[in-house]
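Here is a friendly walk through one protein chain, written to be read with the model open beside it. We start with charged pairs, then turn to helix packing and a few backbone details.

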Amino acid sequence: MLLRFPYGRGFLQTEISEEQLEMVSSQRVEPLRELGKAVRQSLNEPIQSKPLHSLSKRKKLCVIVPDETRACPTKKILPPVLEELKGCQPSELKILIGNGLHRCMSNQEMIEMLGENIIEEYEVINHVATDKRQLVDLGMKTSYGTLAIVNKIAAESDYVLGIGLVEPHFFAGYSGGRK
């Protein structure tokens, strides 16, 4: 069977057997009716991991959220995550907006995306990829020889948690996730 995946302005394709198709096909899943409840359950019963609240106490935590260009329901996912992280009694908890090369979000846009209560209670920072003061070179290179340069807040945190989604991208193939 020939599979085609959107990628850039075209497609990538590969031939797979019927047996392999079972491993890569998606099952139809009903939409979540109560997203907040599902997030809480996932946080309390993670797959092959301890719950977030079991992290060491008094650590620096950084939560990275996508900017407004992503269709992620951040406003519904973030509150139960922050509730769970409060159990860690962090010494510091910052929310970093993963803008990539997009423009910074205004305060009003942050309120709309995260909620006014979160903006008031937490330090929320726009990541600016071109601001060298926000970046730190980890002194490593990727397998392609690219320097590993990351946001200083994330690098200085004991734990970094990312919220996001993976979706087809109109010219980059797929977007989101750990990117």
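A salt bridge here is a side-chain nitrogen of Lys or Arg within 4 Å of a carboxyl oxygen of Asp or Glu. The model is predicted, so side-chain atom pairs count only at pLDDT 80 or more. With that in mind, the structure contains seven salt bridges.

## The chain as a whole

Before going into the pairs, it helps to have the overall frame. The chain has 179 residues, and 32% of them count as buried. Its secondary structure consists of six helices and 10 strands. Taken along the principal axes, the C-alpha atoms fill a box of roughly 55 × 40 × 35 Å. The accessible surface is about 12600 Å², with 52% of that belonging to carbon and sulfur atoms. If you are thinking about contact order, consider the contacts between residues at least 6 apart in sequence: 62% of these join residues at least 24 apart.

## Charged pairs

Side chains of opposite charge can pair when their charged atoms come close. Three of the pairs are set out below, with the closest N to O distance for each.

| Acidic residue | Basic residue | N to O distance |
|---|---|---|
| Glu121 | Lys86 | 3.0 Å |
| Glu92 | Lys94 | 3.8 Å |
| Glu109 | Arg103 | 2.6 Å |

Which parts of the chain does the pair of Glu121 and Lys86 link? Glu121 belongs to helix α5 (residues 116-121) and Lys86 to helix α3, so the bridge links distant parts of the chain, 35 residues apart. Glu121 has a relative accessible area of 48%, which makes it partly exposed. Lys86 is also partly exposed, at 45% relative accessibility.

The pair of Glu92 and Lys94 has a buried member. Buried means under 20% relative accessible area, and Lys94 counts as buried because its value is 17%. Its partner Glu92, with a relative accessible area of 28%, is partly exposed.

Arg103 takes part in a wider arrangement: together with Glu68 and Glu109, Arg103 is linked in a network of salt bridges. Arg103 is partly exposed, with a relative accessible area of 48%.

## Where α3 meets α4

Two packed helices are described by the angle between their axes and the distance between the axes. How do the axes of α3 and α4 cross, and within what distance do they come? The axes of α3 (residues 74-86) and α4 (residues 107-114) come within 7 Å and cross at roughly 75°. That angle makes α3 roughly perpendicular to α4, because values of 65 to 115 degrees fall in that class.

On the α3 side, the contact involves Thr74, Lys75 and Leu78; on the α4 side, it involves Ile111, Glu112, Met113 and Leu114. By type, the residues of this contact divide into four nonpolar, one polar and two charged.

Helix α4 also holds several buried residues: Met110, Ile111, Met113 and Leu114. Which elements cover them? The cover includes β3 (60-66), α3, β4, α5 and β5 (123-126). Right after α4 comes Gly115, with a positive phi near 105°.

## Loops and backbone angles

The loop between α3 and β4 (92-98) is a good place to look next, and Pro90 lies in it. Although Pro90 and Lys57 are 33 residues apart in sequence, their C-alpha atoms are 6.1 Å apart in space. Leaving aside neighbours within four places in sequence, Pro90 is in contact with Arg58, Lys59, Leu61 and Leu85.

Gln89 is found in the loop between α3 and β4 as well. Phi of Gln89 is positive, near 45°, in a residue other than glycine. Gln89 counts as partly exposed, at 45% relative accessibility.

Arg58, one of the contacts of Pro90, sits in the loop between α2 (35-44) and β3. Arg58 is not a glycine, yet its phi is positive, about 60°. Is Arg58 buried or exposed? Its relative accessibility is 52%, so Arg58 counts as exposed.

Methods:
Residues numbered from 1 in each chain as written. Predicted model: local features only at pLDDT ≥ 70, side-chain atom pairs only at ≥ 80, totals over all residues. Heavy atoms only, no water. Axes fitted to C-alpha atoms, helices over the stretch in contact; angles between N-to-C directions. Helix = DSSP H or I, 4+ residues; strand = E, 2+ residues; numbered from the N terminus. Parallel < 35°, antiparallel > 145°, perpendicular 65-115°, else oblique. Contact = heavy atoms within 4.5 Å. Nonpolar A, V, L, I, M, F, W, Y, C, P; charged D, E, K, R; others polar. Buried < 20%, exposed > 50% of the residue type's maximum accessible area, 1.4 Å probe, protein only. Areas by Shrake-Rupley, 256 points an atom, 1.4 Å probe, with all protein chains shown as cover.
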